[in-house]
Amino acid sequence: MNVVVLIGRMVADPELKYTPSGVAVCSFRIAVDRWGKSETGEKQADFIDIVAWRQSAEFAANYLGKGRLVGVHGRIQIRTWVQQDGQKRSKAEVVADSIQALDKPR
């Protein structure tokens, strides 16, 4: 089972692109608070990359922006590729099935 549910704040405005066949894809990053505090008493957060497709991508691009509180329901995906210098790279990201704004726009 591969299910992820996250609540966090948008780190930056989402970036909307279209595939050559015209499918909308949007990527953004959210900061999700960790439980507890660090040894110095500061809050800690994890920064998680999100990818949304089609209607969810267009919703994110049109209605979400930096600082907005969002809920994301999706699945983890590990993407791998080879760089131009031949080095293998991989990246974990959440592919969003649904995205919901949890606050009002400023």
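R54 is partly exposed, with a relative accessibility of 49%, a value that falls short of the exposed class because that class requires over 50%. In this predicted model, R54 belongs to helix α1. The backbone of R54 has a phi near 55°, which is a positive value in a residue other than glycine.

Helix α1 spans residues 54-63. The chain as a whole has one helix and six strands. Read from the N terminus, the order of elements is β-β-β-β-α-β-β, and the α in that order is the helix that holds R54.

Two further residues of the helix can be followed inward. S56 is found in helix α1 and counts as buried, with 16% relative accessibility. Once neighbours within four places in sequence are set aside, S56 is in contact with D97, S98 and I99. Strand β6 covers residues 88-101, so these three partners of S56 fall within the range of that strand. A57 also lies in helix α1, and its relative accessible area is 0%, which makes A57 buried. The contacts of A57, again without neighbours within four places, are L16, A24, V25, C26 and A52. A57 and R79 are 22 residues apart along the chain, and 19 Å separates their C-alpha atoms.

The helix also carries the aromatic pair of the model. How many aromatic pairs does the structure hold? The structure holds one. The pair consists of F59 and Y63, with 5.5 Å from centre to centre and 35° between the planes, and the arrangement is tilted. The pair is called tilted because an angle under 30 degrees would count as stacked and one over 60 as edge-to-face. F59 and Y63 are four residues apart in helix α1, so about one helical turn separates them. Are the two residues of the pair buried or exposed? F59 is partly exposed, at 28% relative accessible area, and Y63 is exposed, at 54%.

From the helix the path leads to the strands. D49 lies in strand β4, which runs over residues 43-53. D49 is buried, with a relative accessible area of 14%. What does the side chain of D49 make a polar contact with? The partner is the side chain of K91, at 3.5 Å. Not counting residues up to four places away in sequence, D49 touches F28, R29, K91, E93 and V94. K91 thus appears both as the polar partner of D49 and among the residues that D49 touches.

V72 is found in strand β5, residues 69-82. With 2% relative accessibility, V72 counts as buried. V72 touches V4, V5, L6, I30, I50, V94, A96 and S98, leaving out residues up to four places away in sequence. V94 is one of these contacts, and the C-alpha atoms of V72 and V94 are 8.7 Å apart, with their positions 22 residues apart in sequence. V94 is also among the residues that D49 touches, and S98 is among those in contact with S56.

K88 lies in strand β6. K88 is exposed, with a relative accessible area of 71%. Apart from residues up to four places away in sequence, K88 touches W81 and V82. K88 and Q44 are 44 residues apart in sequence, and the distance between their C-alpha atoms is 30 Å.

The remaining values describe the chain as a whole. Of its 106 residues, 30% are buried. Contacts between residues at least 6 apart in sequence include 58% that join residues at least 24 apart. Taken along the principal axes, the box filled by the C-alpha atoms is roughly 45 × 35 × 30 Å. The chain exposes about 7600 Å², and carbon and sulfur atoms supply 50% of that area. The chain has 16 positive and 12 negative charges, and the mean positions of the two sets are 2 Å apart.

Technical notes. Residues are numbered from 1 along each chain as its sequence is written. This is a predicted model: local features need pLDDT of at least 70, side-chain atom pairs count only at pLDDT 80 or more; totals for chains, interfaces and linings use all residues. Side-chain values use heavy atoms; hydrogens and water are left out. Rings of Phe, Tyr and Trp (its six-membered ring) pair if their centres lie within 6.5 Å; planes under 30 degrees apart count as stacked, over 60 as edge-to-face and the rest as tilted. Helices (H or I, at least four residues) and strands (E, at least two) are DSSP runs, numbered from the N terminus. Buried means under 20% relative accessible area, exposed over 50%, partly exposed in between (1.4 Å probe, protein chains only). A polar contact is a pair of N or O atoms within 3.5 Å; within protein, one must be able to donate a hydrogen and the other to accept it, and residues adjacent in sequence count only if both atoms are side-chain atoms. Contact means heavy atoms within 4.5 Å. Accessible areas come from the Shrake-Rupley method with a 1.4 Å probe; for residues, only the protein chains shown count as cover. Lys and Arg count as positive and Asp and Glu as negative; His and the chain ends are not counted. The place of a charge is taken as NZ of Lys, CZ of Arg, CG of Asp or CD of Glu.
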